[in-house]
Amino acid sequence: MRPFSLPRRTLAGLAVATALVVGTAASPASAAVVTAPTAVVAAASTTTPEQQVVALINKQRAKAGLPALKSYGAITSAAESWAKHLKTKKIFAHSSSAWRSAKIGASGWKSSGENLAAGQTSAAAAVSAWMKSSGHKANILGKSYKGVGVGYVKGGPYGHYWVVIFGVAKPAIKKGSTPKVSGTATTGAKVTTKSTGWPSGTKLKWQWYREGTAISGATSTSYTVKSADAGKRLRVKVKASNKKYFPASLTSGYSRYVAI
């Protein structure tokens, strides 16, 4: 195998974009060398390169009268995974729509788009380069996008890798009833909960909380009050997932303070 070598031209502004067609596999645009100006300034309140990219993207969307994109864990995880893959494999290439779907589809995303950049040393440089390319800009200002995730890694032959995945959400699920804590909140007693009215095929997951802290192993519709709960309040959250809809969650109000 021939050793990997960098092209002779300057790589400081290398970036490519994928233009999204909703509901279909997107086709990557060809690679292009662009000069990355630094006119866009990251918000001072953001601390990580990934947070800066999100802030800068939303700044551009605000200028265009578009709502801000919200970061979601599943999309962020996918973007981080692909950025690490590019660095490890010493390549610069788009992920496939099938790969992204496998990573984020179960979390309620029906389609996605992707922007890549390599070589830029800052979030401002990457976003500025994207905004000067029609394909990248179309993704950043995409009206159908609701979620975003950013991956950034240093190292590898290009020095810096930037991955942004944009997500189109499935329809919002019709929410069921808000759960309530039923029963007497006393040490040794059992409290219960329920939530009804969700669409057919919806799966519910439960988590009990002691004040604001999740209780380990307390993941059913009933919970036996422990001595550690004494003097504290209990509440429960239900998370609903349905392959036809974007997931949702509901949280009960607090119980009375647990008596000994």
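The legends below describe close-up views of a predicted model.

Residues are numbered from 1 along each chain as its sequence is written. Local features need pLDDT of at least 70 and side-chain atom pairs pLDDT 80 or more, while totals for chains, interfaces and linings use all residues, and side-chain values use heavy atoms, leaving out hydrogens and water.

**View 1. Helix α2, residues 73-89.** Helices are DSSP runs of H or I with at least four residues, strands are runs of E with at least two, and both are numbered from the N terminus. The end C-alpha atoms of α2 are 24 Å apart, which agrees with the 24 Å expected for 17 residues at 1.5 Å a residue; the expected span is 1.5 Å times one less than the number of residues. After α2 comes Lys 90, with a positive phi near 60°.

**View 2. The two faces of α2.** Ile 75, Thr 76, Ala 78, Ala 79, Trp 82, Ala 83 and Leu 86 are buried (under 20% relative accessible area, 1.4 Å probe, protein chains only). Seen down the helix axis, these buried residues fall within an arc of 160°, so they line one face of α2; the arc is taken from the directions from the axis to the C-beta atoms. The face turned away carries Gly 73, Lys 84, Thr 88 and Lys 89, which are exposed (over 50%).

**View 3. Packing of α2 and α3.** Their axes, lines fitted to C-alpha atoms over the stretch in contact, are 9 Å apart. The angle between N-to-C directions, on a scale from 0 to 180 degrees, is about 135°. Contact (heavy atoms within 4.5 Å) involves Ala 74, Ile 75, Ala 78, Ser 81 and Trp 82 of α2 and Trp 99, Lys 103 and Ile 104 of α3.
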